[in-house]
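Please look over the sequence and the model shown below before reading on. The report then goes from the overall fold to the ligand and to two loop residues.

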Amino acid sequence: MASLTGKVAWVTGAGSGIGQAAAIALAKEGATVVLTGRRKEPLEETAAAIKQAGGKAVVKTGDLMKAAAVTRIAADIDKKFGRCDILVNNAGLNIVERKWSQLTPAGAEMVIDGNLSSAFYCSTAVLPMMRRHKGGVLIHTSSMAGRQASILSGAAYSAAKHGVVAMSHTINMEECVNGIRSCVVCPGEVATPILDKRPIPITPEERARMAQSEDVGDLIRYVACLPPHIVINEVMINPTWNRGYVANLQRMAEQQKKAKK
Ligand SMILES: NC(=O)c1ccc[n+]([C@@H]2O[C@H](COP(=O)([O-])OP(=O)(O)OC[C@H]3O[C@@H](n4cnc5c(N)ncnc54)[C@H](OP(=O)(O)O)[C@@H]3O)[C@@H](O)[C@H]2O)c1
């Protein structure tokens with residue numbers, strides 16, 4: 001029997017990128033997967049891929065920046081399944097105009113609501129179901145920018161993702177006595193549609209060297225399948241060809257060349 005048979009997993013941002021890969025991986029392990037995002041069509045595509053492989057998926061659209069929408073979806077999950085064993089709190093977004101010289105209050109609000117408030121809304125919505133069953137695992141997609149502020153990712157995104165890291169750790173601090181576990185995943189660059197919002201476009205060659213959605217989806221599956229007596233509190237996942245490291249090496253090589261002249 002697959003290790004997640006009988007479990008219900010709610011995956012946010014499941015229509016593309018990391019969320020889609022995680023949903024497919026969890027369904028392969030036997031979980032019934034609830035797929036959320038704002039657009040219906042990509043979610044239907046994920047559901048079709050899961051069903052074609054013999055898995056179970058349900059589409060629940062909604063804008064997670066709206067607390068009422070989150071409450072409604074969680075209530076639907078509770079009514080239909082009576083449980084939510086796994087939350088993949090993954091939906092997130094960024095904006096092109098992210099530099100302080102361009103950032104507007106509306107832009108900051110969107111990035112903070114779309115990455116942090118939405119993650120809080122989903123966590124608070126599933127915890128009562130998990131407490132009732134004395135167990136559950138929350139897996140949040142933060143970012144390396146949630147550990148190290150980055151101007152590439154922008155001020156609002158870095159701040160929001162730092163908030164997601166803090167949020168996850170406090171869930172373990174309070175909910176461990178209820179058998180509930182929380183893991184924050186901090187990816188570096190992953191070749192997904194969110195990169196289309198980068199102010200400096202990324203070439204297909206660069207994308208090919210990055211981590212891929214399936215790499216992070218498989219990590220999420222691994223965390224979800226851990227035995228209930230252990231938790232991986234935090235994990236970083238990066239491409240081996242780390243563009244930040246490579247740029248540093250190139251800078252150092254140039255400085256050494258200049259110093260020799
Ligand atoms: N790719 C990277 O390099 C990278 C690195 C570190 C962290 N991350 C994080 O990884 C997570 C997944 O992103 P991704 O890289 O897989 O990019 P992606 O393909 O753009 O996925 C983001 C998903 O979130 C959904 N979403 C966004 N805002 C939403 C909202 N308000 N309500 C409901 N759904 C919403 C989007 O669907 P709709 O547009 O249909 O709503 C989309 O399917 C994000 O939290 C992102 O910040 C990505």
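Helices (H or I, at least four residues) and strands (E, at least two) are here DSSP runs, numbered from the N terminus. This is a predicted model, in which local features need pLDDT of at least 70 and side-chain atom pairs count only at pLDDT 80 or more, while totals for chains, interfaces and linings use all residues. Residues are numbered from 1 along each chain as its sequence is written.

The protein chain has 8 helices and 7 strands. Its radius of gyration is 19 Å, close to the 18 Å that the globule rule gives for 261 residues, so the chain is as compact as a globular protein of that length; the radius is taken over C-alpha atoms, and the rule is 2.2 Å times the number of residues to the power 0.38. Along the principal axes, the C-alpha atoms of the chain fill a box of roughly 70 × 40 × 40 Å.

Of the 261 residues, 42% are buried, where a buried residue has 20 or more other C-beta atoms within 10 Å of its own, an exposed one has 12 or fewer, and a partly exposed one lies in between, with C-beta atoms placed from the backbone. The largest nonpolar core, a set of buried Ala, Val, Leu, Ile, Met, Phe, Trp, Tyr and Cys residues joined through C-beta atoms within 7 Å, has 66 residues, and V11, L26, V33 and V126 have the most contacts inside it. Helix 4 gives the largest share of this core, 10 residues.

Around the ligand there are 31 residues, of which G13, G17, R38, G92 and T192 are the closest; a residue counts as near if its C-beta atom, placed from the backbone, lies within 6 Å of the molecule. Helix 1 (17-28) and helix 4 (105-132) are the elements that give two or more residues to this shell.

Two loop residues can be set side by side.

| Residue | Loop | Other C-beta atoms within 10 Å |
|---|---|---|
| K134 | between helix 4 and strand 5 (136-141) | 11 C-beta atoms, exposed |
| I151 | between strand 5 and helix 5 (155-175) | 11 C-beta atoms, exposed |

The phi of K134 is near 55°, a positive value in a residue other than glycine. Most residues other than glycine have a negative phi. As for I151, its C-alpha atom is 8.3 Å in space from that of R98, although the two residues are 53 residues apart in sequence.
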